[in-house]
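Here's a quick walk through one chain, going from its overall make-up down to a few residues. Have the model open alongside as you read.

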Amino acid sequence: MKEFDTTVGSPLAVAQSLVITVGGTSYTVEPVDAPITIGRVFPAQILVPDQRISRNHLRLETRGVQWVAVDYSSNGVFLDGASVPSVFVTDGMTLHLGHPEGIAVRFTFSAPAASAAMSAPTIRTDAASDDGEDGWDDESGEVTGNNDYIDPGVARAGAAVAARRRELDIAQRTLARDKVMNAGALIAFEKGRSWPRRTTLAKLEEVLGWPSGTISRIRWGQRTEPINSDERTVLLTNSSQAPFMAQALEVAQDAVGNQIASLPTPSDAEYAQRVARVLADLRRLEHVASNAARSATAAAEVVPILSAVRRQYRQLMLQAARSPQATLGQQLFAARHRAELTAEEAANAAGLPVHALAAVEADEPVDAQATAAAHALLETLA
């Protein structure tokens, strides 16, 4: 980890919701969600499928009441053209990743009702109450912008809440009546299209009988601690997680399917950038589903979804390979599948480790030797 530089930027007076905008996509996160990582591949929460971006490029942390951006990359993080190892986040700040004019990441602080104005697709914070009886906001909580976007982590947490709510026989209107969360925002959350405010999460966890922070841990795939045996509920076990995990994966897969359906033709100038984002989402989804399928209790429900995700990925890679802007990785993937070679067989033919071939096909940075070997294999298969 690089040294924390207190000479750049200025501290914030109060920790606030942070809006992170990358390439027209905005994400709203709370201090309780920290740390947040921006990187090229999962497990980074915000994915940027660009070869200039490191796997874990920028980490957003909280230091007391301040948000801090810390460089974990090999290519650097730049503020106003100067490389910075770390910097206090200020409202309106823009950092560039990988180069002084590289990928732009803009930060703004969200006022309580500002999330509705975020550009699509946005993981929105609902407008349910802050502390105090007068804090209840009865707006619908519907998501603005592109409602087809589903964050797999939010979908996982929302499905878990829905499963637990049904287990306890708690109706959505009951939570609205008791001013825990309004019905529109709850529906959006359970479908993976919005993320509640911290105070709303605390109320939900109390009603559901979960320890503080459980919903956020489910969102980020972190371990959840069991509740003491004398409490009135039992936290999710592997067997009880399986149904909502499968449901969350199915919702996420459907959302990706909608994104695929809305792609322009491979000859369109915007196709390459948009298909790269969808392929990155599919790789992330495949990783989550593959891990879930390793559980004996979840396999029966998750394996069909994993199979469908892999089919989607294969078909989209083959389509992308027909684009005039097709990448080396997409072309190699298509050539390998036309030749009916497994990844291991193709890697052996190229004289590459399997992980290097996988990196090439995922358009991740590799050394010159691996790139040359991949080009040679592609020419042979062509």
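Buried residues make up 50% of the 382 residues in this chain, and keep in mind that the model is a predicted one. The chain exposes about 17500 Å², with carbon and sulfur atoms supplying 49% of that area. As for secondary structure, you'll find 12 helices and 13 strands. Take the contacts with a separation of 6 or more: 58% of them join residues 24 or more positions apart.

Now for a sheet. Five strands line up as β4-β3-β5-β6-β9, in an open sheet with mixed pairing. The edges belong to β4 (46-47) and β9 (86-88); each has a single partner strand, so one side of each is left without a neighbour in the sheet. At the β4 end, β3 (residues 36-39) pairs with β4 in the parallel sense over 2 bridges. Within that pairing, Ile38 has Ile46 in β4 as its bridge partner.

Next, helix α12 (residues 368-381). Its 14 residues should span 20 Å at 1.5 Å a residue, and the end C-alpha atoms are indeed 20 Å apart, which agrees. Which residues of α12 are buried? They are Ala370, Ala373, Ala374, Leu377 and Leu378. Looking down the axis of α12, these buried residues fall within an arc of 140°, so they line one face of the helix. The spacing makes sense, because an α-helix has 3.6 residues a turn and residues three or four places apart point the same way. The cover over the buried residues of α12 includes α9 (328-338), α10 (343-350) and α11 (354-361). Turned away from the buried side of α12 is a face carrying the exposed residues Ala368, Gln369 and Glu379.

Helix α3 (residues 183-190) has its own buried set: Ala185, Leu186, Ala188, Phe189 and Glu190. After α3 comes Gly192, with a positive phi near 85°.

Positive phi also turns up in residues other than glycine, namely Asp80 and Glu340. Here they are side by side:

| Residue | Phi | Loop | Relative accessibility |
|---|---|---|---|
| Asp80 | near 55° | between β7 (77-79) and β8 (82-83) | 75% |
| Glu340 | near 55° | between α9 and α10 | 69% |

Are these two buried or exposed? The cut-off for exposed is over 50% relative accessible area, so Asp80 counts as exposed at 75%, and Glu340 counts as exposed at 69%. Glu340 also takes us back to α12: its loop links α9 and α10, and both of those helices are among the elements covering the buried residues of α12.

How values were computed: Residues are numbered from 1 along each chain as its sequence is written. This is a predicted model: local features need pLDDT of at least 70, side-chain atom pairs count only at pLDDT 80 or more; totals for chains, interfaces and linings use all residues. Side-chain values use heavy atoms; hydrogens and water are left out. Two strands pair if DSSP finds at least two bridges between them. Helices (H or I, at least four residues) and strands (E, at least two) are DSSP runs, numbered from the N terminus. Buried means under 20% relative accessible area, exposed over 50%, partly exposed in between (1.4 Å probe, protein chains only). Contact means heavy atoms within 4.5 Å. Accessible areas come from the Shrake-Rupley method with a 1.4 Å probe; for residues, only the protein chains shown count as cover. The expected span of a helix is 1.5 Å times one less than its number of residues. The arc is that of the directions from the helix axis to the C-beta atoms.
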